[in-house]
Amino acid sequence: MALRNALLATLLDGEASGYDLAKTFDASVANFWMATPQQLYRELDRMASEGLIEARVVRQERRPDKRLFALTQAGRRALYDFTAAPPRPTAIRDELLVKLQAVDEGDGPAVRAAVEERIEWARAKLARYERLRLRLLDGRTEEEHLTRSERVGPYLTLLGGIEFEEATVRWGEQVLAILQRRATARESR
């Protein structure tokens, strides 16, 4: 998946500045796509030159002018085509998994600390996702939101992020328990 598709999907919510898009990415899209602000701005420029989005300049007093981006019909068509194509399988490339693969000959305490850090990171993301979920629901039940909201895509991707982080916490706790049992068994030999 290209960054452009994530940006096109984000612009379904309406016109936004690059700064707003970067904040949106950090708050909600980051559960499935990471990008730096520099990457976002470069891609927005490419997308504008290809006619997928249009940019308009808004003059501001006491602040630099800002550009607001909006989807064009060509951008909507590109997004439609993207959703129609089958997704590529996800490949996991995770340095922590390589460290766990090598833990038997590596620095066990350092690997355990890395797993603990991953668990804490996942818990922090879960807290952030819960705040976002409450903001999306806006006092409604989940069922009310899903049946009455104009768009359900952001909520569905949020659910995927929540499930992923919950699984990360469960897995990390399991890994720590196994590593502890092995360390205890080795000490008793």
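Visitor: In which loop does D138 lie?

Guide: This model is predicted, and D138 can be placed in it by the helices on either side. One of them is α6, with residues 108-137, and the other is α7, with residues 142-148. D138 lies in the loop between α6 and α7.

Visitor: Is D138 buried or exposed, by its relative accessible area?

Guide: A residue is called exposed when its relative accessible area is over 50%. D138 has a relative accessible area of 59%, so D138 is exposed.

Visitor: What is the phi of D138?

Guide: D138 is not a glycine, and yet its phi is positive. The value for D138 is about 50°.

Visitor: Which other loop residue has a positive phi without being glycine, and where is R62 placed?

Guide: The residue is R62, whose phi is near 65°. With a relative accessible area of 84%, R62 is exposed. Its place is in the loop between β2 (53-58) and β3.

Visitor: How many helices and strands does the chain have, and in what order do the elements run?

Guide: The chain has 8 helices and 3 strands. Read from the N terminus on, the elements run α-β-α-α-β-β-α-α-α-α-α.

Visitor: Why is the chain described as more spread out than a compact globule?

Guide: For 189 residues, the globule rule gives 16 Å. The C-alpha atoms of the chain fill a box of roughly 70 × 45 × 40 Å along the principal axes. The chain is more spread out than a compact globule because its radius of gyration is well over the value of the rule, at 21 Å.

Visitor: What percentage of the residues in the chain is buried?

Guide: A residue counts as buried when its relative accessible area is under 20%. Of the 189 residues in the chain, the buried ones make up 29%.

Visitor: How many residues are in the largest nonpolar core, and which element gives the most to this core?

Guide: The largest nonpolar core has 17 residues, and L7, L8, L11, L21 and I53 are those with the most contacts inside it. At least two residues of this core come from each of α1 (3-10), α2 (18-27), α3 (37-49) and β3 (66-71). The element that gives the most, with 4 residues, is α1.

Visitor: How many of the residues of α1 are buried?

Guide: The buried residues of α1 are L3, R4, N5, A6, L7, L8 and T10. Helix α1 is thus mostly covered, and the number buried is 7 of its 8 residues.

Visitor: With which residues is I53 in contact, leaving aside its neighbours within four places in sequence?

Guide: I53 is among the core residues with the most contacts inside the largest nonpolar core. Its partners beyond the close sequence neighbours are L8, L11, L44, M47, A48, F69, A70, L71 and T72.

Visitor: Is F69 buried or exposed, and what is its relative accessibility?

Guide: F69 lies in strand β3. Leaving aside neighbours within four places in sequence, F69 is in contact with several residues, including L11, L21, L44 and I53. F69 counts as buried, since its relative accessibility is 1%.

Visitor: What separates the C-alpha atoms of F69 and L21?

Guide: Along the chain, F69 and L21 are 48 residues apart. They are nevertheless in contact, and their C-alpha atoms are separated by 9.3 Å.

Visitor: Where is T24, and what separates its C-alpha atom from that of T10?

Guide: The place of T24 is in helix α2. At 28% relative accessibility, T24 counts as partly exposed. T24 and T10 are 14 residues apart along the chain, and the separation of their C-alpha atoms is 7.9 Å.

Visitor: Which residues does T168 touch, not counting residues up to four places away in sequence?

Guide: T168 is found in helix α8, which covers residues 153-187. With a relative accessible area of 12%, T168 is buried. The residues that T168 touches are R118 and A122.

Visitor: How far apart are the mean positions of the positive and negative charges of the chain?

Guide: The chain has 31 positive and 30 negative charges. Each set has a mean position, and the two mean positions are apart by 2 Å.

Visitor: What percentage of the area that the chain exposes is supplied by carbon and sulfur atoms?

Guide: The chain exposes about 12,900 Å². The part supplied by carbon and sulfur atoms is 52%.

Definitions and conventions: Residues numbered from 1 in each chain as written. Predicted model: local features only at pLDDT ≥ 70, side-chain atom pairs only at ≥ 80, totals over all residues. Heavy atoms only, no water. Core = buried A, V, L, I, M, F, W, Y, C linked by side-chain atoms within 4.5 Å. Buried < 20%, exposed > 50% of the residue type's maximum accessible area, 1.4 Å probe, protein only. Contact = heavy atoms within 4.5 Å. Rg over C-alpha atoms; globule rule 2.2 N^0.38 Å. Areas by Shrake-Rupley, 256 points an atom, 1.4 Å probe, with all protein chains shown as cover. Lys, Arg positive; Asp, Glu negative; His and termini not counted. Charge placed at Lys NZ, Arg CZ, Asp CG, Glu CD.
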